[in-house]
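Subject: Structure handover

Hello,

Here is the structure for you to load. Please open it alongside this email. My notes come after it.

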Amino acid sequence: MKITGEGPVSWNRVRAAYQQVARVKGNDRPAKARREEDSVQLSPDSRFINDLKTRLAGEEDIRSTRVEAIRARLAAGTYNVPAADVADAILKEMGR
């Protein structure tokens with residue numbers, strides 16, 4: 001995969017550039033010591049998304065059960081949706 005016109009990414013060059021930047025910033029400690037201090041903080045939006053994913057994971061089983069029930073009704077020819085409901089949903093989606 002080419003990211004620039006120079007050919008494939010050389011990870012050794014990337015690592016060397018990272019280490020050079022670390023030294024320029026006055027951080028002459030070994031890489032191992034830096035790793036112990038690294039930390040990650042999630043933004044409130046990220047935490048919110050993770051919470052939603054956790055909640056929705058339990059609801060996925062309910063949803064799949066409902067989808068399977070609808071599929072069975074479609075296969076049997078007993079699933080009918082009133083045309084007015086379809087039209088309302090389309091208009092709602094269009095923002096009218």
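What follows is a short account of what was found.

First, a caution. This is a predicted model. Mean pLDDT for the protein chain is 77, and 69% of its residues reach 70 or more. Confidence is lowest in strand β1 (residues 2-4), with a mean of 53. It is highest in α4, at 92. Where pLDDT is low, the predicted coordinates should not be read in detail.

Overall layout. The protein chain has four helices and two strands. Along the sequence they run β-β-α-α-α-α. Of the 96 residues, 4% count as buried. The exposed area of the protein chain is about 9200 Å². Carbon and sulfur atoms supply 55% of that area.

Helix α4. This helix covers residues 83-94, twelve residues in total. Does its length agree or disagree with 1.5 Å a residue? It agrees: the expected span is 16 Å, and the end C-alpha atoms are 17 Å apart. The expected figure takes 1.5 Å times one less than the number of residues. Just after α4 comes Gly95, with a positive phi of about 85 degrees.

Nonpolar patch. Which residues make the nonpolar surface patch of about 610 Å²? They are Leu74, Tyr79, Val81, Val86, Ile90, Leu91 and Met94. Helix α4 gives the largest share, four residues. Leu74 lies in a separate element, helix α3 (residues 44-76). Is Leu74 buried or exposed? Its relative accessibility is 54%. The cut-off for exposed is over 50%, so Leu74 counts as exposed.

Salt bridge. The count comes to one. It joins the side chains of Arg71 and Glu68, at 2.9 Å from N to O. Both residues lie in helix α3. They sit three residues apart, about one turn of the helix. How do the two partners rank for exposure, exposed or partly exposed? Arg71 has a relative accessible area of 51%, so it is exposed. Glu68 has 46% and is therefore partly exposed. The dividing value is again 50%.

To recap by helix: α3 holds the Arg71 and Glu68 pair and also Leu74 of the patch. Helix α4 brings four residues to that patch and has the highest mean confidence, 92.

Best regards

Methods:
Residues are numbered from 1 along each chain as its sequence is written. This is a predicted model: local features need pLDDT of at least 70, side-chain atom pairs count only at pLDDT 80 or more; totals for chains, interfaces and linings use all residues. Side-chain values use heavy atoms; hydrogens and water are left out. Patches are made of residues with over 30% relative accessible area and no salt bridge: like charges are joined within 9 Å, nonpolar side chains (Val, Leu, Ile, Met, Phe, Trp, Tyr) within 5 Å. Accessible areas come from the Shrake-Rupley method with a 1.4 Å probe; for residues, only the protein chains shown count as cover. A salt bridge is a side-chain nitrogen of Lys or Arg within 4 Å of a carboxyl oxygen of Asp or Glu. Buried means under 20% relative accessible area, exposed over 50%, partly exposed in between (1.4 Å probe, protein chains only). pLDDT is the predictor's confidence in each residue, from 0 to 100.
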